[in-house]
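The following exercises are meant to be worked through with the sequence and the coordinates open side by side. Each one sets a task and then gives a solution in steps.

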Amino acid sequence: MASAVQAIAVASVGSIISASRVAAAPELNVQSGLRTNGVRFSLRAVPFFGSTSSSRSARKQNLYTVYAEAQKTETLSPTALQGEGGKGDGESPASKASDRKVSIADVPKSEFEGKTVFIRADLNVPLNKEREITDDTRIRASVPTIEYLLAAGAKVVLASHLGRPKSGPEEKFSLKPVSVRLADLLKKEVKFAPDCIGPEVEALIGGLKNGEILLLENVRFYKEEEKNDLEFSKKLAKNIDYFVNDAFGTAHRAHSSTAGIADFVTKRFAGFLLQKELDYLAGAVQKPARPFVAIVGGSKVSSKITVIESLLDKSDKVILGGGMVFTFFKSQGYSVGSSLVEDDKLDLAVRLSALAKEKGVELILPEDILAADKFDPEANTQVSANTSIPDGWMGLDIGPKAIEQFKKALEGAKTVLWNGPMGVFEFEKFAAGTFAVAEEIAKLTGEGAITIIGGGDSVAAVEKAGLADKMSHVSTGGGASLELLEGKVLPGVAVLDDVEIVA
Ligand SMILES: Nc1ncnc2c1ncn2[C@@H]1O[C@H](COP(=O)(O)OP(=O)(O)O)[C@@H](O)[C@H]1O
Ligand SMILES: O=C(OP(=O)(O)O)[C@H](O)COP(=O)(O)O
């Protein structure tokens with residue numbers, strides 16, 4: 001066992017068929033941190049959960065075994081270590097499944113040579129009226145997986161949705177502009193299929209040579225996609241060997257191209273982007289370097305209840321900002337003027353405050369508020385104590401004292417997770433709180449903290465502040481990152497082959 005250092009074996013259940021070195025891969029190379037203590041990891045197909053398909057039991061299982069002279073914590077990503085220890089159930093790690101999915105970096109690169117690989121990416125990018133891409137972040141984020149598989153000699157069939165087309169093909173939802181941008185980024189030809197299933201697509205796939213790529217047209221041009229329709233999933237999988245899911249932004253959807261297709265291929269892997277998102281959003285949050293400070297903002301408490309609850313279990317401090325704080329203030333009997341309040345959630349605010357006390361987590365609300373006389377970029381403003389926003393005025397940002405209070409609360413943090421802006425940052429007058437928090441988090445990254453921006457409007461805010469590249473991780477998924485932070489199983493992740501630590 002100890003002699004099989006840094007080797008990975010990939011096998012069908014019961015019979016090992018190959019063994020070779022782990023492939024080099026950007027950022028997520030399992031091999032890169034290997035040390036010594038002789039740990040064996042088994043990677044095997046996960047039991048099915050999270051899709052409506054009935055054929056899962058018929059799925060052919062795979063067993064992946066990683067042999068490593070390894071210091072566990074340095075060998076695997078944070079998610080790989082979930083499930084180990086801490087549960088006090090007396091089981092050894094040998095019998096525990098981890099939540100880590102088999103990524104394309106876990107198998108030899110040669111595994112993909114000559115294989116037809118269906119990559120589901122999230123290429124759902126914003127376009128203007130001229131159908132020009134206004135933000136190509138998601139395309140750029142998808143490039144490492146695509147480049148890696150092309151270099152490995154795979155025949156890449158790339159699929160995505162774009163927007164929410166209602167009934168069939170519509171030019172404004174075509175992925176054609178994406179193929180052009182992708183070709184620029186890859187510096188190679190990207191063939192474009194006018195459909196995502198059917199004889200023409202089959203012929204195009206059949207004509208692919210090793211290292212060539214075909215982008216399929218929007219999978220949502222078929223209503224069957226969102227229904228995770230069995231026949232449609234089968235059609236997508238026609239002539240496909242492996243499924244690689246890299247579409248983190250859509251991993252919370254149990255659709256044909258994100259989940260159903262997995263039943264009709266021989267192997268299912270996480271791409272680099274998906275794995276990175278899981279490492280940060282699930283891994284770092286489950287096993288954070290402490291102190292771990294979570295910051296939750298945004299407009300409504302109702303949309304973040306489960307996230308706050310889940311973070312109260314894991315973090316040392318939870319800072320609250322944005323429109324949701326007024327529901328907390330009102331629940332404490334403060335005057336909130338005409339600020340955004342969810343009157344049916346007052347009890348919930350009381351309950352969350354009590355829960356924080358019970359768990360010994362500091363729940364920090366802003367000491368003062370920047371109030372406006374109307375919801376308008378040009379509104380008149382005044383700073384109010386959190387207890388007494390005057391009638392007719394509404395809180396649209398945290399105040400200057402709160403900025404200092406939040407900075408102090410963040411001091412020394414080793415892990416920071418941020419979801420939701422501190423105010424109406426879209427209006428310049430009410431962006432100071434959000435930008436100050438963004439700057440403070442960026443500073444902490446420089447000091448060695450792990451800083452994670454958990455999707456949605458906070459990503460837009462960090463980008464607007466020009467600080468996105470100063471964060472450890474900026475998520476490409478809004479809804480998906482929220483669901484992950486809430487502790488939900490993402491169907492597009494659940495269908496992938498899983499890692500289990502066996503010794
Ligand atoms: N005090 C406030 N009053 C009203 N709206 C607010 C306030 N603070 C923040 N918002 C709004 O909340 C929105 C973001 O909310 P949400 O969607 O919950 O966040 P995220 O997208 O980051 O998850 C932003 O459009 C912002 O303008
Ligand atoms: O943009 C997306 O989600 P997000 O706005 O929650 O980040 C994804 O592409 C998913 O799209 P969908 O919400 O139409 O399924």
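## Exercise 1: the surroundings of ligand 2

Task: identify which side-chain and backbone atoms lie by the oxygen atoms of ligand 2, beginning with N124.

Solution. A polar side-chain atom of N124 lies 2.9 Å from an oxygen atom of ligand 2, and a polar side-chain atom of D122 lies 2.8 Å from an oxygen atom of this ligand. The backbone contributes as well, since a polar backbone atom of G478 is 2.8 Å from an oxygen atom of ligand 2; a polar contact here is a pair of N or O atoms within 3.5 Å, and within protein one atom must be able to donate a hydrogen and the other to accept it, residues adjacent in sequence counting only if both atoms are side-chain atoms. Of the 390 Å² of accessible area that ligand 2 has on its own, the protein covers 78% (areas by the Shrake-Rupley method with a 1.4 Å probe; for residues, only the protein chains shown count as cover).

The next step is to list the shell, in which a residue is included if one of its heavy atoms lies within 4 Å of the ligand. Ligand 2 is surrounded by residues including R138, H161, R164, R220, T250 and R253, together with the glycines G249, G477, G478 and G479. By class, the shell has no nonpolar, 7 polar and 5 charged residues, where Ala, Val, Leu, Ile, Met, Phe, Trp, Tyr, Cys and Pro count as nonpolar, Asp, Glu, Lys and Arg as charged, and the others, Gly among them, as polar.

The model is predicted, so local features need pLDDT of at least 70 and side-chain atom pairs count only at pLDDT 80 or more, while totals for chains, interfaces and linings use all residues. Residues are numbered from 1 along each chain as its sequence is written, chains are lettered from A and ligands numbered from 1 in the order in which they are written, and side-chain values use heavy atoms, with hydrogens and water left out.

## Exercise 2: the surroundings of ligand 1

Task: find which residues are closest to ligand 1, and which elements give two or more residues to its shell.

Solution. The shell of ligand 1 holds 17 residues, of which the closest are S299, K304, G395, E426 and D457. Turning to the backbone, a nitrogen atom of ligand 1 is 3.0 Å from a polar backbone atom of G395, a nitrogen atom of the ligand is 3.2 Å from a polar backbone atom of G323, and a backbone N or O atom of G420 lies 3.5 Å from an oxygen atom of ligand 1. The protein covers 83% of the 570 Å² of accessible area that ligand 1 has on its own. The elements that give two or more residues to this shell are β19 (394–398) and α13 (457–464); helices (H or I, at least four residues) and strands (E, at least two) are DSSP runs, numbered from the N terminus. By class, the shell around ligand 1 consists of 4 nonpolar, 10 polar and 3 charged residues.

## Exercise 3: the buried face of α13

Task: determine which residues of α13 are buried, and what covers them.

Solution. The buried residues of α13 are S458, V459, A461 and V462 (buried means under 20% relative accessible area, exposed over 50% and partly exposed in between, with a 1.4 Å probe and protein chains only). Viewed down the axis of α13, these buried residues fall within an arc of 160°, so they line one face of the helix; the arc is that of the directions from the helix axis to the C-beta atoms. Their cover includes β20 (415–419), α12 (432–446), β21 (450–453) and β22, where contact means heavy atoms within 4.5 Å. Just after α13, G466 takes a positive phi of about 70°.

## Exercise 4: H473 and its contacts

Task: establish whether H473 is buried or exposed, and which residues it contacts.

Solution. H473 is found in strand β22 (residues 473–474) and counts as buried because its relative accessibility is 3%. Leaving aside neighbours within four places in sequence, H473 is in contact with K276, E277, Y280, T451, I452 and I453. Among these, the side chain of E277 makes a polar contact with the side chain of H473 at 2.8 Å, while T451, 22 residues away along the chain, has its C-alpha atom 6.4 Å from that of H473.
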